[in-house]
Amino acid sequence: MQAILALEDGHFFEGRTFTGNGDIGGEVIFNTGMTGYQEILTDPSYKQQLVCMTYPHIGNYGLNYSDVESDRVQVAGFIVKECCRFPSNWQSKTSLPEYLEQHNVVGIEGIDTRALTKHLRLNGAMRGYISTSETDPEKVIEKAREIPDMQGLNLVDKVTPNTPYIWTDNGPQPVTIQDNTYIWQSEKPKIVVYDFGIKWNILRLLTEQDLEILVVPAFFSAEQVKSLNPDGIFLSNGPGDPAALPDIVHNISLLMQEFPIGGICLGHQILGLALGGRSYKLKFGHHGLNHPVRELSGNKIEVSSQNHGFCVDVSDLEDVQETHINLNDLTLEGFVHKNKPIRAIQYHPEAGPGPHDSHYFFNSFSGMIRSHLNA
């Protein structure tokens, strides 16, 4: 079935759907990963985005039910050059078309993804619309222009859980907190994790650090978290513009006065804003598995997994030390506070998907918590 992808600047691409009928809009971005499409599809940070894969052949190893990063497909739509309908892998349980159809997500192929990627690199990520019902490109372009711009958009409210939960071998399990009191189950360091759209592999790796984890929704206030009496706080990744989250930034600015805090991606951005930095939108964002990052203190190079469209600038803050920079565009990739137990990185050390160069971040966070407890 024919499909049209139209961009807000008037460009459009004709292809065909591999998931049946569907019309959907969102911000069009590209991801440079050759693999990892299952983790990309289920990453909540891609909420309300139409993801174009630059690698031409997607779906060849199918999908399973153990490598997901959340309980659903999070992307608004999926754009590939060629979809493989007959995967070959011992772990595969279903094909890419079947998986997207199960989750009512539109997938299109036959698009010149190389031309689309080049257009986005030159002109920046922009609003787009996929339609199988409309044959007039001009009408699809108008629909793209009606979509809210990503800048200024709060998408955390769309992905954060309604209630607290703990992480288990069987995935997330809801828990009840009565009168703002929670009974911790062990003598391990107690960590409250803010879920702004967390990837499950982050929870797996935090748990492997011998930490007890309690995950709370984004709307939990500073007073609610304090009443839980944690030993530290962790801020997750998530979608949208960090500047559209003033209440969350305010909560974190209060909590950082009393607790050690770590953050990844959106959590990194929120911490930067809470410390007094500023955020800004990148031209086409960082989305892929091969971004070089330099760790400044040891002059070490890491190949990193990344997924973010915004960045923070903390260069004017005297008490903040930059620890990592992106070697492609020299944007900030990590910082620590000089006087407080605060550390954060912009990229994804959990490597779901991606290289494992940055797994040490979880050990660094755990060590920071334990050092604070023993101080």
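How much area does the chain expose, and what share of it do carbon and sulfur atoms supply? I looked that up before anything else. The exposed area comes to about 15600 Å², and carbon and sulfur supply 46% of it. Note to self: this is a predicted model.

**Overall shape**

I checked the dimensions next. Along the principal axes, the C-alpha atoms fill a box of roughly 65 × 45 × 40 Å. The radius of gyration is 21 Å, and a compact globule of 375 residues would sit near 21 Å, so the chain agrees with that expectation. I also pulled up burial, and 59% of the 375 residues count as buried. For secondary structure I got 10 helices and 20 strands.

Then I turned to contacts. Taking those between residues at least 6 apart in sequence, I find that 73% join residues at least 24 apart.

**Helix H9**

Which residues of H9 are buried? I went along the helix and found Leu266, Gly267, His268, Gln269, Ile270, Leu271, Gly272, Leu273 and Ala274 on the buried list. That is nine of the nine residues in 266-274, so I note H9 as largely enclosed by the rest of the structure. In general, residues three or four places apart on an α-helix point the same way, because there are 3.6 residues a turn. In H9, though, burial takes in nine of nine residues. I also looked just past the helix: H9 is followed by glycine 276, which has a positive phi, near 110°.

**Isoleucine 130**

I picked this residue out of strand S9, which covers residues 126-131. Is isoleucine 130 buried or exposed? Its relative accessibility is 0%, so I put it down as buried. Leaving out residues up to four places away in sequence, I get these for what isoleucine 130 touches: Ile4, Leu5, Gly22, Asp23, Ile24, Leu50, Ile79, Val106 and Ile108. I checked alanine 3 as well. Its C-alpha lies 6.9 Å from that of isoleucine 130, while the two residues are 127 apart in sequence.

**A nonpolar patch**

Which residues make the nonpolar surface patch of about 280 Å²? I have Ile301, Leu327 and Leu330. I followed up on leucine 327, which is in the loop between strand S18 (320-326) and strand S19 (332-337). Its relative accessibility is 36%; since buried means under 20% and exposed means over 50%, leucine 327 goes down as partly exposed.

Note on methods: Residues are numbered from 1 along each chain as its sequence is written. This is a predicted model: local features need pLDDT of at least 70, side-chain atom pairs count only at pLDDT 80 or more; totals for chains, interfaces and linings use all residues. Side-chain values use heavy atoms; hydrogens and water are left out. Buried means under 20% relative accessible area, exposed over 50%, partly exposed in between (1.4 Å probe, protein chains only). Helices (H or I, at least four residues) and strands (E, at least two) are DSSP runs, numbered from the N terminus. Contact means heavy atoms within 4.5 Å. Patches are made of residues with over 30% relative accessible area and no salt bridge: like charges are joined within 9 Å, nonpolar side chains (Val, Leu, Ile, Met, Phe, Trp, Tyr) within 5 Å. Accessible areas come from the Shrake-Rupley method with a 1.4 Å probe; for residues, only the protein chains shown count as cover. A salt bridge is a side-chain nitrogen of Lys or Arg within 4 Å of a carboxyl oxygen of Asp or Glu. The radius of gyration is taken over C-alpha atoms; the globule rule is 2.2 Å times the number of residues to the power 0.38.
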